[in-house]
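Here are two short exercises to work through with the model open beside you. Take your time with each one, then compare your steps with the solution.

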Amino acid sequence: MVRFFTFILTALLFAGLTYTVLSLPQQTQGLAQTVGSQMQNSGVSNPVTAVLMNFRAYDTLLEMAVLFIALLGVYSLGSSAREAKSLLKSPVLKRLGGILVPVLLLLSAYILWIGAQAPGGAFQAGSILSATGILIFLSGWKLDLSYKNFFVRLLASTGLLAFVLVSAITLLFSDTLLEFSATEASYFIFILEAAATVSIAITLFNLFFTIFAQPKEEK
């Protein structure tokens with residue numbers, strides 16, 4: 001019965017998306033001019049960041065919720081009887097990690113910062129930060145970044161939590177969800193991007209970590 005309703009909902013969703021795509025006009029002017037005319041109020045000079053973190057910040061809020069749900073799904077698949085072990089223990093990799101990890105951390109911070117002015121931002125910075133965690137894990141460093149760590153779980157929730165708190169603040173003072181004034185937009189966007197970077201990195205790392213987790217040897 002559950003599968004039947006799932007099939008019906010999926011079919012309706014597919015039909016709705018198909019109708020939407022087929023009903024789109026063949027030629028459209030897009031929103032480039034509208035975005036360009038509001039850039040001075042966005043708080044950033046990169047139009048992509050302006051759209052993702054200001055004009056359509058509620059869309060990014062939902063994306064953070066999806067990532068958080070994905071992490072909860074990964075957590076539910078895990079088991080306390082499993083532990084992670086690096087499969088690529090190598091002195092060369094460990095030495096290489098010692099060189100690359102500081103560079104990747106700086107690169108992630110730079111990509112996060114430059115996102116306000118040029119291509120970059122939370123998703124790219126989070127991906128690099130996640131790759132740094134994977135390198136640390138594969139190098140065999142004793143640094144627990146798995147979701148079993150309470151502090152890691154707390155960091156994973158910071159992205160969604162920041163969006164919810166900022167949403168509440170904007171609703172309280174302007175009655176509009178995630179709409180920032182021109183003078184405050186840059187501060188709110190930086191806070192949201194920094195929190196999202198950490199959450200994205202933790203989520204991506206744990207997706208990788210779950211694959212490499214090995215059953216704990218029975219005593």
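**Exercise 1.** Find which residues line the largest cavity of this predicted model, and sort them by character.

*Solution.*
Step 1. Begin with the search of the whole structure, which finds 1 cavity of 30 Å³ or more. About 30 Å³ of space lies in it.
Step 2. List the lining: Met-64, Leu-67, Phe-68, Ala-156, Leu-160, Ser-199 and Thr-203.
Step 3. Assign elements. Helix H4 (57-77) and helix H9 (185-212) are the ones that give two or more residues to this lining. H4 gives the most, with 3 residues.
Step 4. Sort by character: 5 of the lining residues are nonpolar, 2 are polar and none is charged.

**Exercise 2.** Classify the ring pairs that Phe-137 forms with Phe-208 and with Phe-209, and say where in the chain the partners lie.

*Solution.*
Step 1. For Phe-137 and Phe-208, the centres are 6.3 Å apart and the planes meet at 80°, an edge-to-face pair. Phe-137 lies in helix H6 (residues 122-138) and Phe-208 in helix H9, so this pair ties together parts 71 residues apart in sequence.
Step 2. For Phe-137 and Phe-209, the centres lie 5.8 Å apart; the planes are at 65°, and over 60 counts as edge-to-face, so this pair is edge-to-face. It links helix H6 with helix H9, across 72 residues.
Step 3. Check burial, where the cut-off is under 20% relative accessible area. Phe-137 at 11% counts as buried, Phe-209 at 7% is buried, and Phe-208 is buried too.
Step 4. Put the rings together: Phe-137, Phe-205, Phe-208 and Phe-209 form one aromatic cluster.

Note on methods: Residues are numbered from 1 along each chain as its sequence is written. This is a predicted model: local features need pLDDT of at least 70, side-chain atom pairs count only at pLDDT 80 or more; totals for chains, interfaces and linings use all residues. Side-chain values use heavy atoms; hydrogens and water are left out. On a 1 Å grid over the protein atoms alone, a cavity is a set of points where a 1.4 Å probe fits but cannot get out, and a pocket is an open set with protein on both sides within 12 Å along at least five of seven lines; lining residues have an atom within 4 Å of a point. Grid points are joined across faces, edges and corners, and a volume is the space filled by probe spheres set on the points. Helices (H or I, at least four residues) and strands (E, at least two) are DSSP runs, numbered from the N terminus. Ala, Val, Leu, Ile, Met, Phe, Trp, Tyr, Cys and Pro count as nonpolar, Asp, Glu, Lys and Arg as charged, and the others, Gly among them, as polar. Rings of Phe, Tyr and Trp (its six-membered ring) pair if their centres lie within 6.5 Å; planes under 30 degrees apart count as stacked, over 60 as edge-to-face and the rest as tilted. Buried means under 20% relative accessible area, exposed over 50%, partly exposed in between (1.4 Å probe, protein chains only).
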